Amino acid sequence: MFKYIPHGHCYLWNPSLVSLHLISDILIAVAYFSIPLMLVYFIQQRQDLPFPSIFWLFSAFIVSCGTTHVLDVWTLWHPTYWFSGILKAITAIISLFTAFELRILIPQALLLPSPEELEKANQELHKQIVERQRIETQLRESEVKFYAAAEASLDSLFIFNSLRDETGRIVDFIFVELNSRAEQLISMTKSEVLGQRLSELIPTNDTGGFLEKYVQVVETGKVFKEEFSTNLFAPNISWLQHMVVPLTDGIAITTRDITEHKQMEKILQERKERFRLAFDHAPIGIALVSPDGNFIRVNHALCVMLGYSEVQLIQLTFPEITHPEDLTTDLAFVQQLLEGKINFYTIEKRYINQEDNIVWTILSVSLVKDPSGEPLYFISQIQNITSRKQHEAEQQRLITKLKISNQELEDFAYVASHDLQEPLRKIQTFGDRLKIKYGEVLDEKGQDYLQRMQSAAKRMQILIRDLLNFSRITTKAQPYLPVTLSQIVAEVIDDLENPIEQTKAQVEVGELLTIQADSIQMRQLFQNLIGNALKFHIPGNCPIVKVEAILKSEINQVQIMVSDNGIGFEEKYLDRIFTPFQRLHGKQKYQGTGIGLAICRKIVERHNGNITARSIPNQGTTFVITLPIKQTLEKQKEHILS
């Protein structure tokens, strides 16, 4: 190796030239060693770089090149050219191998996208990422909404995945989700159910063939809906409705408890049946009539009433069988119903039956509307009052006859008060003249005849007067007005002042009331009762008469008692004492016509009350009168018109 001279001899050891080559080679060597270090660092930091082997080759090639420059510095003073040549040979081999690898990698490198393409791809990728994030956000929001809706739903929700065997056939379903309603329905928590087979929780023989139907939903993609009865769940749940919706490889089932709905359906069906029975078997006629007047449905009673069959009636309209004189009124009410002015109406109406006879009815009609207010049909209830109308006609005939009789009674009262009393007064007048002028001429027998005639005329006058008073109770009735009974009794006592003084009677009056009555008739009532108490006293005893009252406001009545300490009577004759002209004592002993108590009873009855008596012979009598405190308007009209 010492045959060669150092490289510096070639530069004649010119300091400047040697220094130039020395510095240049050192700097090149530093650069060559630095570049591989940075490449190695870069490769380590970027594990995702394509073709990493070529970077290692470049690093080896550059290090080899750098080493040759280091040897160039060395050979300036040391002639180790064989070592330098070997190193250059190695560098050459590495360079060739790198060039070979580059030839292979360049086509692949050319396929790599350019920075513009990478930027564009990055932008597109960014858009896709943003869109994906938006979709994922929507999916999360939808999922949240779905779970919120599922939890808020009144229905039970189950979600199942299909379980298939090795042939791909669905053999069961796996619980993958359910809401709280579903937990309540099956009385199990979600943690107990998820992952379980449907057949494990509900035995196949209890599913009513639902498992097969669920398989069909998945295979056909068609929704399945059904109602079924069950006893698998809570005792208060006996009917369920479920809807099965196909999913990608499974099903979603919503289940609703319709037990109450089914019970209502049953109740409505029972009500419908009861309505049908009531409609068909009602004792009055019932019809459903369309807004245009056609009969929709009629019951048996109406068919019998009008003499038509059901088929015949349904082919008719109600105007066709309505009496012409009643049709205008009926149609006017129908129009008011349709316009919503009234809710129902009731009228008396005549129909013409199949035999052209008039059938009198009371018609009640109401209108049934749909939820929107549109009229559906009329409900007509028809009560046959033909018999009542016939009775009313007969009653009217009798009333007319009674009015004629009342008129005749009034005429009789007029005759009694004028025509009959006028001859009677003449008999009394001429009897008095006969007694005055010719009384001394008549013998004892003639005097007796004359006395008898005058007594008979006087009794006849009293009888006519009492009979006239009895008739006037009806013909001269006054309207009911507030009457103070204590004032009436005071006036009666004042009128009876003479007999009270003559008999030395004592009349005691308690607290009385004000009632609605005819004041004149009340005066007659107390005049007769107190007068009788004075008349029928025990000889030698001073009469004691008491007038008292008991209020019975809860039944709108007052009870009045007129009692005495007189002769009394046996109560077996109670009915007899209130009969006109009936007497329990001889007219020689007690004067009167026997019509006073009859007048009392008629007055009390015409005031819608009653009168009775309690008595013991020789221990007195108590008359008990019960009268209304206030008279009804209807009774007042009857009192005036009768």
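Between which two helices does the loop holding Gly195 sit? The first legend answers that, and the others walk through more close-ups of this predicted model.

**Figure 1. Gly195 and its surroundings in the loop after helix 6.** Gly195 belongs to the loop that links helix 6 (190-193) with helix 7 (198-201). Its relative accessibility is 48%, so Gly195 counts as partly exposed. Setting aside residues within four places in sequence, Gly195 is in contact with Ile174 and Phe175. Glu177 is worth finding in this view too: the C-alpha atoms of Gly195 and Glu177 are separated by 9.1 Å, and the two residues are 18 apart along the chain.

**Figure 2. The chain as a whole.** Here's the backdrop for the other panels. The chain has 642 residues, and 33% of them count as buried. It contains 21 helices and 17 strands. If you take contacts between residues at least 6 apart in sequence, 55% of them join residues at least 24 apart. The accessible surface adds up to about 40,000 Å², and carbon and sulfur atoms account for 58% of that.

**Figure 3. Helix 1 against helix 2, with Ser64 picked out.** Helix 1 (residues 15-45) and helix 2 have axes that come within 8 Å and cross at roughly 160 degrees. That angle makes helix 1 roughly antiparallel to helix 2. The crossing of this pair is left-handed. Now look for Ser64, which is part of helix 2 (residues 52-74). Is Ser64 buried or exposed? With a relative accessible area of 8%, Ser64 is buried, because buried means under 20%. Leaving out neighbours within four places in sequence, Ser64 is in contact with Thr91 and Ile94.

**Figure 4. The largest nonpolar core.** This core has 40 residues, and Met522, Phe526, Ile560, Phe623 and Ile625 touch the most other members. Helix 18 (residues 519-535) supplies the largest share of the core, 7 residues. Zoom in on Phe623 and you'll see plenty of company. Not counting residues up to four places away in sequence, Phe623 touches Leu529, Ile560, Met561, Val562 and Ile577, among others. Also on the list of residues touching Phe623 are Phe578, Leu597, Ile611, Thr612 and Ala613.

**Figure 5. Helix 18 packed with helix 20.** The axes of helix 18 and helix 20 (residues 596-606) are 9 Å apart, and the helices pack at an angle of about 145 degrees. The crossing is left-handed. Which residues of helix 18 meet helix 20? They are Gln521, Met522, Gln524, Leu525, Asn528, Leu529 and Asn532. On the helix 20 side, look for Gly596, Leu597, Ile599, Cys600, Ile603 and Val604.

**Figure 6. Helix 18 again, this time with helix 16.** The axes of helix 16 (residues 485-495) and helix 18 come within 9 Å and cross at roughly 50 degrees. The two helices are therefore oblique to each other. Helix 16 passes helix 18 in a right-handed crossing. From helix 16, the contacts come from Leu485, Ile488, Val489, Glu491, Val492 and Asp495. They meet Ser519, Met522, Arg523, Phe526, Gln527 and Ile530 in helix 18.

**Figure 7. Asp356, with a positive phi in a loop.** Asp356 is not a glycine, yet its phi is positive, at about 65 degrees. You'll find Asp356 in the loop between strand 8 (344-352) and strand 9 (358-369). Asp356 has a relative accessible area of 64% and so is exposed, because exposed means over 50%.

**Figure 8. Asn618, another non-glycine residue with a positive phi.** The phi of Asn618 is near 65 degrees. Asn618 sits in the loop between strand 16 (610-616) and strand 17 (620-628). With a relative accessible area of 57%, Asn618 is exposed.

**Figure 9. His281 in helix 9, shown with Ala301.** His281 is in helix 9, which covers residues 259-281. Its relative accessible area is 61%, so His281 is exposed. How many residues apart along the chain are His281 and Ala301? They are 20 residues apart, and their C-alpha atoms are separated by 7.4 Å.

Methods:
Residues numbered from 1 in each chain as written. Predicted model: local features only at pLDDT ≥ 70, side-chain atom pairs only at ≥ 80, totals over all residues. Heavy atoms only, no water. Helix = DSSP H or I, 4+ residues; strand = E, 2+ residues; numbered from the N terminus. Buried < 20%, exposed > 50% of the residue type's maximum accessible area, 1.4 Å probe, protein only. Contact = heavy atoms within 4.5 Å. Areas by Shrake-Rupley, 256 points an atom, 1.4 Å probe, with all protein chains shown as cover. Core = buried A, V, L, I, M, F, W, Y, C linked by side-chain atoms within 4.5 Å. Axes fitted to C-alpha atoms, helices over the stretch in contact; angles between N-to-C directions. Parallel < 35°, antiparallel > 145°, perpendicular 65-115°, else oblique. Left-handed = near helix turned anticlockwise from the far one by under 90°.
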